[in-house]
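Work through the exercises below with the structure open. Each task is followed by its solution.

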Amino acid sequence: MWKAFLNCLKVKELRNRLVFTILIIVLVRFASNIPCPGVDPAALERFIKEVSTSSAGGFMALVDLFSGGALAHFALGALGIMPYITASIIMQLLVPVLPALEKMQREGESGRQKITQYTRYLTIIVCIVQGVMVAAAMLNPGKIGLPVPSEPLFVGSQAVFVPMTVLVITCTTMIFTWLGEQVTERGIGNGVSLIITIGIVSRMPQSILELVDMVRKGHTVGGSTFNGVHLLLLIILFFVVTAATILLSQGYRRVPIQMIRKSVGKQMTGGTTYMPLKVNFANVMPIIFAGAILMIPGYIFQVMASRPDASAIWAKLLTVFRQDGLGYTVTYAVLILAFSFFWVANQFNPLQIADNLKKEGAYIPGISPGQPTADFLDAAMTRVTAGGAVFLLVLAIFPMFLYSNFQIPFMVAQFFGGTSLLIMVGVTLDTMTQLESHLTMRHYEGFLKSGRLRSRSGR
């Protein structure tokens, strides 16, 4: 493997792509650490320390995950690339629903370019809405259930602070989006996914320092015993969970496909191949959807419980629906299962696949073309999704289990499953697949001596 990395530097085009990608990543991380105009960095740092020890600390850590720590510092990249991801998800869900968008997608490259342009417009709208929310939160954190700061977190006029903040972070997000597209075109890997992944990985050094600090103190934040043996067990557990995540990301069921042999020029095409049905077809989407939906009741209960005249029932509901509460965990699990099947039903079209196979003169051995093929694919995908959804569910709630039962800090626990690990593994595999393709195309040895890496699309 190390020889393959060294070979990457020998290929001029690949070397240029790697350098370009690294420079863009450095630029994005630089923008993610510059505070927005009008923010008092010292006051904000003291406030973040207060929040991290409060009940809202886990919630803030979850919201701050995709920005790579930029939201906690209220940096230029406070929203990161997530508004674009949100807009892309919305457009993906709308394409099968709206005939005009579905027709546009079938037009080929020109139609996809139009959809991409609409996604950019929608990203601006999402940025403005989220920008107003985070700017208002900076003006008065108490309104969203956070501790009331002992000193103002900003300097200057409120009337100027909000529009200026919205403008700055919206422009930064759109620049991040453009940079991500440049990485996809001129660099290595999917640029947008890489920006998110680097933001997640950037928090790993701080998590390691927290683990070392717990070993030095001999106890966790909650007071439980923590020593070198516990640290070694956590490291072993991390590798085991990572291996399981790779299996989930790469796993698929092969459906045999028989192609009718025919001559195309001097070549004979056809024969036996297979269709891969991915175990985790929805990837990380069910976790994102479930987490986003559960933020709403948690936010409402937090706000209502923080009011001076609040009823005791709000505090009880807040306890049940906090991240380590039973109600939150059960609801989270049910939503992940539901969204796993919803995403497959929305994106996987067995009728269209069966129709395409029939047009190409292909069929599944033992299954009649047409509707029987569609029924077989639907039943097979349902069974595969059921197993993948349960696996995904266990992987998603495992960090919560570490956080609530062993008092492992949330920043550390998030690397043992859930959204963070799935994104890191998926993007890393996808990037290594592209690197291996460049190497093998130029007759260099890839990362694996036998077999090959498969991208997330199942190729």
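**Exercise 1.** In this predicted model, decide whether Tyr274 counts as buried, partly exposed or exposed.

Solution. The relative accessibility of Tyr274 is 31%. Buried requires under 20% and exposed requires over 50%. Tyr274 therefore counts as partly exposed.

**Exercise 2.** Classify the ring pair of Tyr252 and Tyr274, and locate its two members in the chain.

Solution. A pair of aromatic rings is described by the distance of the centres and the angle of the planes. The search of the whole structure returns eight aromatic pairs. For Tyr252 and Tyr274, the ring centres are 6.0 Å apart and the planes lie at 10°. Pairing needs centres within 6.5 Å, and stacking needs planes under 30 degrees apart. The pair is therefore stacked. Tyr252 belongs to strand β1 (residues 252-264) and Tyr274 to strand β2 (residues 267-278); the two are 22 residues apart, so the pair links distant parts of the chain. The face of Tyr274 also has Arg254 over it, 4.3 Å from the ring centre.

**Exercise 3.** Compare the end-to-end distance of helix α18 with its expected span, and state how enclosed the helix is.

Solution. Helix α18 covers residues 418-441, which is 24 residues. At 1.5 Å a residue it should span 34 Å. Its end C-alpha atoms are 35 Å apart, which agrees. Of the 24 residues, 19 are buried, so α18 is largely enclosed by the rest of the structure.

**Exercise 4.** Which residues have the most contacts inside the largest nonpolar core?

Solution. This core has 47 residues, and the most contacts inside it belong to Ile81, Ile85, Ile196, Ile287, Tyr332, Ile336 and Leu422. A second, separate core has 14 residues, among them Cys36 and Phe154.

How values were computed:
Residues are numbered from 1 along each chain as its sequence is written. This is a predicted model: local features need pLDDT of at least 70, side-chain atom pairs count only at pLDDT 80 or more; totals for chains, interfaces and linings use all residues. Side-chain values use heavy atoms; hydrogens and water are left out. Helices (H or I, at least four residues) and strands (E, at least two) are DSSP runs, numbered from the N terminus. The expected span of a helix is 1.5 Å times one less than its number of residues. Buried means under 20% relative accessible area, exposed over 50%, partly exposed in between (1.4 Å probe, protein chains only). Rings of Phe, Tyr and Trp (its six-membered ring) pair if their centres lie within 6.5 Å; planes under 30 degrees apart count as stacked, over 60 as edge-to-face and the rest as tilted. A charge sits over a ring if NZ of Lys or CZ of Arg is within 6 Å of the ring centre and within 35 degrees of the ring normal. A nonpolar core is a set of buried Ala, Val, Leu, Ile, Met, Phe, Trp, Tyr and Cys residues joined through side-chain atoms within 4.5 Å.
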